[in-house]
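Ready for a few exercises at the screen? Take a look at the model first, then work through each task and compare your steps with the solution.

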Amino acid sequence: MASTIKILSQTLADKIAAGEVVQRPASAVKELLENSIDAKATSMTVIITNAGKSSIQVIDNGIGMDREDAELAFARHATSKIATYEDLENIRTLGFRGEALASIAAVSHVELRTRQHTADIGTKVRIEGGILQEITEEAATPGTSISLRNLFYNTPGRRNFLKSNNTEFSHIFTVIQRIALSQAKLVITFISDDETILQIRSMDVHERLKEIFGEKLAQSVFSFDQRDDFLSVNGFLGKPDFLRKTRTEQYLFLNNRYIVSRSINHAVFKAYEHLLEKGSFPFFILFLTIDPHRVDVNVHPSKMEVKFEDESSIYRYVFTTVRKALAAHDLVPMVGLDSQTPMGDRLGLISTHHSETSIQRSIDWRELVRPPEQAAEISRLRSAVSRGDDVIMHAESDEISASTSHGAPGLSPDQTKSFVDYRFPLWQVHNKYIITPIESGVMVVDQHAAHERVLYERTIARFNETTTQSQQLLFPHTIEMMPGDAALVTQLLPLLEAMGFSLKFFGKTTVILDGIPMDVKPGKEKQILQEIIDLYKEDEHNVNLEPREKLAQSYSCKAAIKAGDPLNQAEMQGLLDQLFATTIPYVCPHGRPVIVKLSLAELDRRFGRTS
Ligand code: ADP
Ligand code: MG
């Protein structure tokens, strides 16, 4: 009886295997470019026609191949990159499986031209459907050029699955973008149907960002860099005002290989968490560098998935680094962690425990600094304050009354719209903190930080307004300035005026101040102006902040009520109202927390209560 199990013919087996590696034109482009990079090319050109369906060519200036290798390269499992299992554990190249060229050759018409730099002559290899047609000596420029035509000509099923040219083109474009980002020094040219789509020279990563994503994005990100012995991570993070509605603009590179990792994406997302609007995602580019022994890239033929030896450590490392970077840019508080935890562990740098719980632990700050991030959350907080009472009114963040009465300026509560039901008392302690019970425990607000946040957002908003509001001074001041300060004031004049300062120069260093922002307490204006300038100068070297941000920060810091300023009930109320109308009430412009919440559970724990 004839057996029913048959060994597949080599060409059929190759076609099946090819399906895993080459799913569409973009996968061929990816494999070819990765080979070029592995061949130490510094420059590569991609030429496609008909979105890669008709032809794809990749030309590089890499090391090239000799005649023998040029033929062998197309054999399945033929690779120059690893030889032993040891090597597989220590992969530093993008390729290693030795199947890309075999797969590509199995499903298309391929022509390879290659020459090593020291060789006098090159080699040409022609293969169709995996079968060698021709191998000859041929003049060639140093490097390698591989062109393939009629992709999937012999696998009609696959061919029919290809999408529209637009879609296939955009997949290819994405692949090239990722390669271009992975190593900024690569010179890349991309030509599609005779049109030059990209032509990028060697540059630094930030310039490359600009080239690929445009000026606006490049200005909306900041860089960060954390290097440690076993792990390093650097890259760019989008500022929270540059959020995306999809996850697609998240780029993760592991040892210069573009990868997809839900876990690491989640770590970044978590680090941003309370800065994000619901349904939006941060833009980021992360370059993770790790000893190849500690990661397995051989999970899938596409090599985009990886397995980390110690995923939870890496999760914490990424989370902490991103958090720190955001904090360093005044975006997130870095306190509120359990004070019993040693600092290194708090920062997630000591990898002693790898359990889920240690991950939980390291982000425990959320329990203390709870962000009222969404409307629901804010109303929860509001009703919490009113303990069960559903007296919730609405407040529009752009309509904040600015009273200039006595006491702390602009702090009287807005009678028409209150965030909190103040039948609950507010206590001021040490003329510094405002304390009030809330449903789940106690809320403590730093009055200075709170007012800073309010003034900061108001100032930023003023920069974008066309009209300015200012209080006229009955008795204008004549200020004699240091020449350097006067020059700075001249430079910042438009911004200062937008804030509400009215300044007139009288000569080069004499300034007349006759109007001040609505929030400034009259009597202190001269001092505040000088303090703003001083603080601005201190921060001048900070190239990551725009002048308007720096100015808004120094202004809000100096004009805000201070620790030590007594507040009455109405002023505290006004401050809280205004605070909860800001977009990020729980963190001051310098990244320190504004609100600390002490939960009943935490109190119970500290008092050794079990319930
Ligand atoms: P892998 O990249 O996994 O080794 P490939 O099938 O992609 O497998 O390539 C097979 C081999 O062909 C490579 O190991 C390399 O030696 C050689 N090769 C492929 N492309 C190039 C290139 N552009 N320049 C030099 N050598 C190349
Ligand atoms: Mg390869």
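A salt bridge here is a side-chain nitrogen of Lys or Arg within 4 Å of a carboxyl oxygen of Asp or Glu. Keep in mind that this is a predicted model.

**Exercise 1.** Decide how the side chains of Glu99 and Arg97 meet, and say whether each residue is buried or exposed, or something in between.

*Solution.*
Step 1: Look at the N to O distance, which is 2.6 Å for Glu99 and Arg97. The cut-off is 4 Å, so the two side chains form a salt bridge.
Step 2: Buried means under 20% relative accessible area. Glu99 has 10%, and therefore counts as buried.
Step 3: Arg97 has a relative accessibility of 23%, so this residue counts as partly exposed.

**Exercise 2.** Find the backbone atoms that lie close in distance to oxygen atoms of ligand 1, taking Arg97, Gly98 and Leu101 in turn.

*Solution.*
Step 1: Start with Arg97, where a polar backbone atom is 3.0 Å from an oxygen atom of the ligand.
Step 2: Move on to Gly98, which has a backbone N or O atom 2.7 Å from an oxygen atom of ligand 1.
Step 3: Finish with Leu101, whose polar backbone atom is 2.8 Å from a ligand oxygen.
Step 4: Now consider cover. On its own, ligand 1 has 530 Å² of accessible area, and the protein covers 93% of this.

**Exercise 3.** Describe the surroundings of ligand 1: which pocket holds the ligand, and how many residues surround it?

*Solution.*
Step 1: Locate the site; ligand 1 sits in the second largest pocket.
Step 2: Count the shell, which has 18 residues. The closest are Asn35, Thr79, Ser80, Lys81 and Gly98.
Step 3: Sort the shell by class, giving 7 nonpolar, 7 polar and 4 charged residues.

**Exercise 4.** Which residues are linked with Lys30 and Glu31 in a network of salt bridges?

*Solution.*
Step 1: Begin with the pair itself: the side chains of Lys30 and Glu31 meet in a salt bridge at 3.8 Å, N to O. Both residues are buried.
Step 2: Follow the links outward, and the network also takes in Glu34 and Lys303.
Step 3: For another pair, turn to Glu207 and Arg201, whose side chains form a salt bridge at 3.7 Å, N to O. Glu207 has a relative accessible area of 32%, so this residue is partly exposed.
Step 4: Put these pairs in context: the whole structure has 24 salt bridges.

Note on methods:
Residues numbered from 1 in each chain as written. Chains lettered and ligands numbered in written order. Predicted model: local features only at pLDDT ≥ 70, side-chain atom pairs only at ≥ 80, totals over all residues. Heavy atoms only, no water. Near = heavy atom within 4 Å. Polar contact = N/O pair within 3.5 Å; in protein donor to acceptor, adjacent residues only side chain to side chain. Areas by Shrake-Rupley, 256 points an atom, 1.4 Å probe, with all protein chains shown as cover. 1 Å grid on protein atoms, 1.4 Å probe; cavity = no way out; pocket = protein on both sides within 12 Å on 5 of 7 lines; lining within 4 Å. Sits in = over half its atoms within 2 Å of the grid points. Nonpolar A, V, L, I, M, F, W, Y, C, P; charged D, E, K, R; others polar. Buried < 20%, exposed > 50% of the residue type's maximum accessible area, 1.4 Å probe, protein only.
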